[in-house]
Amino acid sequence: TEEILKLLCEAKGPTGFERPVAKIAAEAMRPFVDEVFIDTLANLIAVKRCGLENAKKMLIAAHLDEVGLMVTGHEDGFLCVAPVGGLDQRVLADRDLCILTDPPIFGVMSVQPPHVLKAEDMEKAIDMDELRVDIGMTQEEAVSAVPIGTPISFRTPGFKLGATRYVSKTLDDRACFAALVRAAELLKDRKLPWDVYFVGSTGEERAEGGAPAAAFLTEADVCIAIDVTQASTPDANPKIHAGIYNHELGGGPVITVGPNITKHVGKRLQELAKKERIPFQLSAAPGRTGTDAWNMHIIREGVASGLIGLPLRYMHSPTECIDLEDLELCAQLVAAYALDPGEEVQNA
């Protein structure tokens, strides 16, 4: 799982440019399922069939896209850029980047040294429209080598932090797809009560995801999103964030409750976690969850939906952090639900 995680996270695929990552995801899933294909929107769809006629269908989706940048212009050989997805511009200064030309080239986010800054400028992030990427070229070379619209990704390699923590770019949400690969491995030789669709979805960071298209295509009876959720840090305010965005790293998967979650799906996930002795946490989502769970919930005539969260620190930065034990427990919970969704689904 750690090898697959590293391979997925170090691949480059900002929102709208995920197809190369989908191909990697397809190869990771292929040994454990009956069919793998990539659809029009570059969703990776892997199917494990139960062999029953007119079988019900479960779909579980983890998005493959990542936050990044896009080239919007050129200035004296430097690249002007705009964010793709909810990028945290506070962490961009001096960051090394990969510009996704063919072949890719490297760049660095230019920044003035502290010696020449005014005192007031030392205390604030640089505005996005003032950021420039240095690629070591003249204006003529840059215009020729890097077309407007070229995507840019971070270069952060993955590494272990302590015994069980893992740091990388793009753990949101490829760590959850790695959990799906692990779940598929756990289910490889098991008899299923329904067909299970593992989806690596696209476009989630722009809230125009491929997951609802996959839910429409497969006509799934239950759709579950698995996505990262905020883990606690020393500067988090427990009075404000408790139960919503503040979960413990190493505390197990986070099961969401709220109007975006079909009651019997959320309840069954909690029952199975208790039955399988999987430690879990609860998250209150009083409205839209901000994940593919919402987009899939309202597709067609409405689909029973759930959401499993993987605790993560430093979201939308190049150094996101998870606990590998949480990833394994998420995989176990997904496998448990695939094997035993409960009477309300089976008798529906």
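Which hand does the crossing of α1 and α4 have, right or left? I would like to start there, and I should say at once that what we are looking at is a predicted model. The answer is that α1 and α4 cross in the right-handed sense, and their axes, which come within 9 Å, cross at roughly 145°. On the α1 side the residues that meet the partner helix are Ile4, Leu5, Leu8 and Cys9, while α4 brings Leu171, Arg174, Ala175, Phe177, Ala178 and Val181. Sorted by class, this contact between α1 and α4 holds nine nonpolar residues and one charged residue, with no polar ones.

Let me stay with α4 for a moment, since this helix, residues 171–186, also packs against α9, residues 324–339. Here the angle is about 50° and the axes lie 8 Å apart, and α4 and α9 are therefore oblique to each other. This crossing, too, is a right-handed one. From α4 the contact draws on Ala175, Ala178, Ala179, Leu180, Arg182, Ala183 and Leu186, and from α9 on Leu327, Glu328, Cys330, Ala331, Gln332, Val334 and Ala335. In terms of class, that gives eleven nonpolar residues, one polar residue and two charged residues where α4 touches α9.

Now to the other helix that packs on α9, which is α7, residues 263–275. The angle between α7 and α9 is about 115°, with 10 Å between their axes, and that makes α7 roughly perpendicular to α9. Once again the crossing is right-handed. In this contact, Val265, Arg268, Leu269, Leu272 and Ala273 belong to α7, whereas Leu333, Ala336 and Tyr337 belong to α9. The contact of α7 with α9 counts seven nonpolar residues and one charged residue, and no polar residue at all.

What, then, do these helices pack on? There is an open sheet of three strands, in the order β10-β11-β17, and its pairing is antiparallel. The strands β10, residues 159–161, and β17, residues 320–323, stand at the edges with a single partner strand each, so one side of each has no neighbour in the sheet. From one strand to the next, the twist averages 35°. Looking at one pair in detail, β10 and β11, the latter being residues 165–168, are joined in the antiparallel sense by three bridges, and lysine 160 stands opposite tyrosine 166 in β11. Helix α1, residues 2–10, packs on this sheet and touches β10, β11 and β17, its direction making about 20° with that of β11. Helix α9 also lies across β10, β11 and β17, but its direction is given relative to β17, to which it runs at about 65°.

Let me turn to a second sheet, and ask how many strands make up the closed barrel. There are six, running β4-β5-β8-β7-β6-β9, and the pairing is antiparallel. On average, and ignoring direction, neighbouring strands of the barrel are turned by 45° against each other. As a general reminder, strands of a sheet pair through backbone hydrogen bonds, either parallel or antiparallel.

We can follow part of the barrel strand by strand, beginning with β4, residues 68–75, which two bridges join to β9, residues 151–154, in an antiparallel arrangement. In that pair, methionine 70 stands opposite proline 151 of β9. With β5, residues 78–84, strand β4 pairs over seven bridges, again antiparallel, and there leucine 69 has proline 83 of β5 as its bridge partner. The strands β4 and β5 form a hairpin with two residues between them, and aspartate 76, in the turn, has a positive phi of about 55°. Going on from β5, three bridges join this strand to β8, residues 132–134, and the two run antiparallel; leucine 79 is the residue whose bridge partner in β8 is valine 133.

Finally, a word on charged pairs, of which the structure holds 16 that count as salt bridges. One of them links arginine 49 with glutamate 35, whose closest N and O atoms are 2.6 Å apart. Arginine 49 sits in the loop between β2 and β3, and glutamate 35 in strand β1, so this pair ties together parts that lie 14 residues apart in sequence.

Definitions and conventions:
Residues numbered from 1 in each chain as written. Predicted model: local features only at pLDDT ≥ 70, side-chain atom pairs only at ≥ 80, totals over all residues. Heavy atoms only, no water. Axes fitted to C-alpha atoms, helices over the stretch in contact; angles between N-to-C directions. Helix = DSSP H or I, 4+ residues; strand = E, 2+ residues; numbered from the N terminus. Parallel < 35°, antiparallel > 145°, perpendicular 65-115°, else oblique. Left-handed = near helix turned anticlockwise from the far one by under 90°. Contact = heavy atoms within 4.5 Å. Nonpolar A, V, L, I, M, F, W, Y, C, P; charged D, E, K, R; others polar. Pairing = 2+ DSSP bridges. Salt bridge = Lys/Arg side-chain N within 4 Å of Asp/Glu carboxyl O.
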